[in-house]
Every structure is written in structure tokens, then in C-alpha cells.
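Visitor: I would like a close look at one part of this protein. Please pick a single helix, and walk me through its surroundings.

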Amino acid sequence: MLTFVTSCTDDFTELNTDPKNFTEDAVTAAEYPLFVKRALYTPNYMPFDQARGPFQLGHSLFPDVYANYFATTAPNFGSDQFELVGGWLNGAYSYFYQRPAPLIKFSEDSAEELGFTVENAMMKVWRVYAYHRITDLWGPIPYSSFGNLEKEVPYDSQEAIYNDFFTSLEEAVTVLKANAGGSSFLGSNDVIFGGDIDSWLKFANTLRLRLAMRVSYVAPALAQSNAEKAVTDGVMLSNDDNALIQTDINFQNSYTTITQWGEFRMSADMESILKGYQDPRMASFFAPAAIPDPTDDPVGVEFPYEGMRNGQTSEAKATTNFNGLASNMAAPYTLGGDPGPAWVVMAAAEPYFLRAEGALRGWAMGGTAEELYNQGIVTNHLQLGYDGNNLSGEDYVTSTLTPSSYDGTTPPVSSVPVAFNAGGTQEERLEQIITQKWIALWPDSEEAYAERRRTGYPTLYNRLNTINPNIATDEIPRRMTYTATEYADNTAATEAAVANLLGGPDLGTTKLWWDAKN
């Protein structure tokens, strides 16, 4: 069994048919926690030996550069110029359906078979977490029929998937509330919360709040009802509630590997915003550049962190020392062979920003937009070990500082200040909320990229160049395109999804169901 758990066979369907492998009937309470442990690791690109490549393909080369946290320096990397490289997407998509998805399904179904009610609820929540990251990249995907043991696996519309997300979370929360104050027998095999049911309840509600806000422009009534229910039932409130996956030598933070390859650096957007705000969090995110430019530092502040514009041509990257001119990630992310920082699944700062946006809409969020916005900033500062002051020693949340030029010549990305503009328009205040949320989410680029598509914020620099004829430099891809493997192996279902569920051609310009802001 240990061999199976560590190898995680690609052909997971054989579990139900091959007598040499485990079946659901053969799994007992003794073995079950090991499957859950693996199911919790894999959606966030762990373990180390199997996930480095998929992490680069599914996280670094697309969401990281479409959230504009990073820009690529490798001359042959076209995704930063909006090339939706099919082979890379194929690797990311295949990884999910070969590893996380089967383990999650097996863990959820086995819990039901074995009568593990609490653990079944936990895995329902985890299924929603894992799948929402995939549907928010591709749109319609195989979901309800996954694991049907057929050659064709039908897709679900994103609307249907989200409706099931809310149903699944409601079911899970009901069970978790009924067992509040207790513990799961999973113990340390629950690598996020150690079996603490109350923590899973807060995580479930916070996830529900995130997804409610995601559909706010396409289904406002559905969004409001789920957001208010989530807040009433109890979301994360402090950093003690954070959902973290601790790393070790076998389950490393994959950034510690891919930073060794020298293929990306900090974006100019990060420099413009964090330098303008004199934001101390920069030191937790990035290292000083090897060749810093002090000529554009804030007055009286040394700021050796440098960014580069997204969308550099292959020629520019081949002839310019961007790896020296722009900042690498901070030291904890660049120690090769080291486990690296804990992976943040979700942190308490995020629900404050979600609630601030909800309050802006008039929803019952337990506070005003300004109060919740300020608390989100403070919570993220505390998470990273800062005292709430900027680099000049002034109170960060009341600062009127705005983004600055990243190079002393190019205009700043925007003029949005830190201090909440209580008298501003709804859009002006929303931009403030999402800009600070963008900072606090780092490096969860899947979520930052989704929110950028949903809201249009933060305001970031256009690409310098695009090699995608369908996507201009002042736009961003709205989704990832379906993979060659799906068209070859799941042909009818993929073609039916494009024809009937996607709402447009299989291109990066087709908006997802929730991407409905005017």
C-alpha cells in the first residue's frame, strides 16, 4: 500500500478493477488517512518528486505572469507574451486529472463507504477547493462524471459546477457544525489542520465566501445569499485560522526548485505598487536586485528591489541581463534543496477583503467596507511579521502614498492610494480593495489572476508585446484553451463542451461564465 500511496498510479481507475491494487472495499480506517494525506498535498503541487514540472507548467508560466506577479526572463518562453502554449497547458491539465482528482474522489467516496461522516465532509470541501482552481482556468471541465470508468467523460458547464460547489459546501458545513469542537481521527495525516474540525468549518465558510464573490457579477442574488451565510456561520478571523501546508524534504515548496532555473523575475507592477506605497512586505516577497537602480528610490528610503515589464521580446530577453537587473524571489524561496516556506492555501486577510467588497455592495458582512479593508491589510502585515508601518515609519493604512514609476520615467500603474477613500465612487473603492488583496494574495497567482479577470483590478501595466493574434497588449487571456490530449482521448465530450457549454470558441478570448462585469 505504501508503494501505491507514494507512486500514485496515473491509471487510477484500475483501483476498481485490478485485484493486485487496492479497492475501496479493501481500505480500512488504518489505511484511509494515507490517501487523504496525498489528496491534500497534490492540488498544490506536492510531493516534490512528482510536481516540480506541473508546478512550473500550471502555476509559474501562466497564472504567475497573468497576475503580473512575475515576468519571464527565459528567451524561449512565450506565455508572457500571451502565447497559450499547448504542450505546457497539457502537462498542467493532465497532472490534475491523473493525480489530485483521483485521490480526492477516492478519499471522498471511501469516507462515505466507511461511514466516516466528518472526513467525507472535509473531502467535499477539499474537492471544491481543488476543482475551483481548474474550472477558473478552463471553464467547463469534466466534473460530475469524473471517474465514470468510461472512455468518454462529459464536461459540466461552469454554472452547473459552481451550483454544485455551493451545494457541496452547504452539506459539508452542516456536518462540520454538528461536530464542532471535535477532532478527526486523521490526526497529522490532515496536513492542513491536524484534524481540527472547527478549523475545517472556518475554511469551508471562507471558501464559500470566495466563490460567492466570484459569481457576484453574473448571479448577484446567489452571491449575496452564500456570502452572508458564510459570514454568519464563521469565516477565518485571525492568522491562527490560516490554512497552511507545512513543507518538508519530501513535500517541498516547488518555488525552491524552479527559482534555481533563473527563468523569471519580479514584475514592474510589483515595483510600482509596493515601492510607491513604501510597503515593507516587499522584503518577504523578493530579494534585492543584483544590479539595483537607486535613482528612482523614494526620498529617504533605500529600495533595492527592481521589476521588469511583462511581454519582453525573445531578443530583448536574450540580450538584456534581466536576471541581474530585476529581483529574484526572497531567500526562503531560492534555497535549492530546502523545503521552503509553508504553502498558503488560504489566509485570514483574504476574507476581510472579500467582506469589504461585500459591504461595498450593501451586503451584511459584519462591518463597514473601510473597517474590513483596513483589517485585511493589518492581518496580512501581521501574518508576515510586520508592525503596520511603512518604510518611512508611518502608519500604513492611513497613508496617502500612491504607486510610483518603476523606472523613474514610465508613469505609475495607477494613482490609487492606500488610505481608504470613503468618499470615492464604488469603483474607486473597489480598486483599492482589490489592489491590497492582490498584494496580500501573493504568491497565490491562480486566485489573483481570477480576481483580475472578474474585477478588472488592480490596474496594471499593459504587455510590451503579444505574439497571440487574438489578444492585444492591453488585454489579458480570459481562460486557458483545451488540450491536445482532451481532443484526442475525450474527443466527443470536448467538442460538445465547446459547442454547447463554453459560450464561444476555444480561444483565450472567450470569457468564463462568471467573467461578466460590464
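Guide: What follows is a tour of helix 19 and the parts around it. Keep in mind that this is a predicted model.

Start with the whole chain. It has 21 helices and four strands. The C-alpha atoms fill a box of roughly 70 × 50 × 45 Å along the principal axes. For 518 residues, a compact globule would have a radius of gyration near 24 Å; the chain has 22 Å, so the two agree. Of those 518 residues, 61% count as buried. Contacts between residues 24 or more positions apart make up 74% of the contacts in the chain with a separation of 6 or more. The chain exposes about 18,300 Å², and carbon and sulfur atoms supply 50% of that area.

Now the helix itself. Helix 19 covers residues 445–455. Buried here means under 20% relative accessible area. By that cut-off, 11 of the 11 residues of helix 19 are buried, so the helix is largely enclosed by the rest of the structure. The buried set includes E446, E447, E451, R452, R453 and R454. S445, A448, Y449, A450 and T455 are buried too.

What do these residues pack against? The partners are spread along the chain numbering: helix 3 (48–60), helix 4 (63–66), helix 7 (117–138), helix 9 (197–214), helix 16 (349–360) and helix 18 (426–441).

Look next at the two ends. P443 sits in the loop between helix 18 and helix 19. The peptide bond from W442 to P443 is cis, with omega near 5 degrees. Just after helix 19, G456 takes a positive phi of about 85 degrees. Then comes a cis peptide bond between Y457 and P458, with omega about 0 degrees. P458 belongs to the loop between helix 19 and helix 20 (484–489). Most peptide bonds are trans.

The loop before the helix also leads to open space. W442 and P443 are among the residues closest to the centre of the second largest pocket, together with V344, Q383 and A440. That pocket has a volume of about 420 Å³. Its lining counts 25 residues. They divide into 17 nonpolar, four polar and four charged. Strand 4 (343–346) gives the most, with four residues. Helix 13 (282–285), helix 16, helix 17 (369–383) and helix 18 each supply at least two. Helix 16 and helix 18 also appear among the packing partners of helix 19.

Enclosed space comes next. A search of the whole structure finds three cavities of 30 Å³ or more. The largest has a volume of about 180 Å³. Of the 17 residues that line it, the closest to its centre are Y45, G58, I134, L137 and E446. E446 is one of the buried residues of helix 19. Helix 7 gives the most to this lining, with five residues. Helix 3 and helix 5 (86–98) each supply at least two. By class, the lining has 14 nonpolar, one polar and two charged residues.

The second largest cavity holds about 60 Å³ of space. Its lining includes Q56, S60, D64 and V65, as well as F70, I258 and F264. Helix 3, helix 4 and strand 1 (70–72) each give two or more residues to it. Helix 3 and helix 4 are packing partners of helix 19 as well. This lining has six nonpolar, three polar and two charged residues.

Finally, two backbone points elsewhere in the chain. Most residues other than glycine have a negative phi. L149 has a positive phi of about 65 degrees although it is not a glycine. L149 lies in the loop between helix 7 and helix 8 (158–178). It is partly exposed, with a relative accessible area of 47%. Q278 is not a glycine either, and its phi is positive at about 50 degrees. Q278 is placed in the loop between helix 12 (268–276) and helix 13. Q278 is buried, with a relative accessible area of 9%.

To pull the part together: helix 19 is largely enclosed. A cis bond to P443 lies in the run-up to the helix, and another cis bond, to P458, comes in the loop that follows. E446 is among the residues closest to the centre of the largest cavity.

Note on methods:
Residues numbered from 1 in each chain as written. Predicted model: local features only at pLDDT ≥ 70, side-chain atom pairs only at ≥ 80, totals over all residues. Heavy atoms only, no water. Buried < 20%, exposed > 50% of the residue type's maximum accessible area, 1.4 Å probe, protein only. Contact = heavy atoms within 4.5 Å. 1 Å grid on protein atoms, 1.4 Å probe; cavity = no way out; pocket = protein on both sides within 12 Å on 5 of 7 lines; lining within 4 Å. Points joined across faces, edges and corners; volume = space filled by probe spheres on them. Nonpolar A, V, L, I, M, F, W, Y, C, P; charged D, E, K, R; others polar. Rg over C-alpha atoms; globule rule 2.2 N^0.38 Å. Areas by Shrake-Rupley, 256 points an atom, 1.4 Å probe, with all protein chains shown as cover.
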